[in-house]
Amino acid sequence: FKDTAMRWQELDQEPCSLARTLAVIGDRWTLLVLRDAFLGVRRFEAFQSRLGVTRHVLSDRLGKLVAYSVLEKRVYQERPQRQEYRLTERGRELHPVIVHLVQWGDRHLADERGAPLFHVHRHCGHRLQARLTCADCGEEVRAQDVRVDPNPAFADLLP
């Protein structure tokens, strides 16, 4: 899009959806927080215990996810007041991203024992094999099946 170099701190200002997404979830701790949130972890101490991350880093990542409405804080105890973190609808929409990343790791980085966890479809009981499909025709879509067209609304940023 533009000739100037992207700065990590300014990714959320880029006219690129991937860059903006990385500004929200693009570091290892945030992705692991999301993994654990999808596994049912909700409380700060549980995240910290599972991840082994410092309180400061975890607080920063959880705060960012709340600020971007990926997680929300909910009170679970009044006295003393304690809060937990729950995925929002926006956060739940990241599930396919997490599943695809996990399955890529299972396929390319697992040892001889295979995947450490199996994702099972509750409805049919089979192991999940996530695939990208076209919402209109239902066909599986691979990288070579996709054309990317520029949005005319961004014409001033195109070369």
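# Close-up views of a predicted model

The mean pLDDT of the protein is 91, and 93% of its residues reach 70 or more. The structure shown is a predicted model, and the legends below describe it view by view.

**View 1. Overall arrangement of six helices and two strands.** Along the sequence, the secondary structure follows the pattern α-α-α-α-β-β-α-α. The C-alpha atoms fill a box of roughly 55 × 40 × 30 Å along the principal axes. Of the 159 residues in the protein, 22% are buried. Among contacts with a separation of 6 or more, 37% join residues that lie 24 or more positions apart. Mean pLDDT among the elements is lowest for helix 1, at 90, and highest for helix 5, at 98.

**View 2. The buried side of helix 2 (residues 28–38).** The buried residues of this helix are T30, V33, L34, D36 and A37. These residues lie on the same side of helix 2, because they cover an arc of only 165° around the axis. The elements that cover them include helix 1 (17–25), helix 3 (44–51), helix 4 (55–67), strand 1 (71–77), strand 2 (82–87) and helix 6 (95–108).

**View 3. The two ends of helix 2.** At the N-terminal end, D27 acts as a cap, with a side-chain oxygen 3.0 Å from the backbone nitrogen of W29. Just after the helix, G40 adopts a positive phi of about 100°.

**View 4. The largest nonpolar core, with 19 residues.** In soluble globular proteins, nonpolar side chains tend to be buried together. The members that touch the most other members of this core are V33, L34, F47, L58, L62, L65 and L71. Helix 1, helix 2, helix 3, helix 4 and strand 2 are the elements that give two or more residues to the core. With neighbours within four places in sequence left aside, L34 is in contact with I25, L65, V70, L87, L94 and I98.

**View 5. The salt bridge between E89 and R92 in helix 5.** Side chains of opposite charge can pair when their charged atoms come close. The side chains of E89 and R92 meet at an N to O distance of 3.0 Å. The two residues are three apart in helix 5 (residues 89–92), so about one helical turn separates them. An α-helix has 3.6 residues a turn, so residues three or four places apart point the same way. Both partners are partly exposed: E89 has a relative accessible area of 47%, and R92 has a relative accessibility of 42%.

**View 6. The salt bridge between E72 and R74.** The closest N and O atoms of E72 and R74 are 2.8 Å apart. E72 counts as partly exposed at 30% relative accessibility, and R74 is also partly exposed, with a relative accessible area of 38%.

**View 7. The salt bridge between D111 and R113, and a salt-bridge network.** D111 pairs with R113, and their closest N and O atoms lie 2.6 Å apart. D111 is partly exposed at 34% relative accessibility, whereas R113 is exposed, with a relative accessible area of 70%. Elsewhere, D27, D60 and R61 are joined into one network by salt bridges that share partners. The count of salt bridges comes to twelve.

How values were computed. Residues numbered from 1 in each chain as written. Predicted model: local features only at pLDDT ≥ 70, side-chain atom pairs only at ≥ 80, totals over all residues. Heavy atoms only, no water. Salt bridge = Lys/Arg side-chain N within 4 Å of Asp/Glu carboxyl O. Buried < 20%, exposed > 50% of the residue type's maximum accessible area, 1.4 Å probe, protein only. Helix = DSSP H or I, 4+ residues; strand = E, 2+ residues; numbered from the N terminus. Arc of directions from axis to C-beta. Contact = heavy atoms within 4.5 Å. Polar contact = N/O pair within 3.5 Å; in protein donor to acceptor, adjacent residues only side chain to side chain. pLDDT = per-residue confidence, 0-100. Core = buried A, V, L, I, M, F, W, Y, C linked by side-chain atoms within 4.5 Å.
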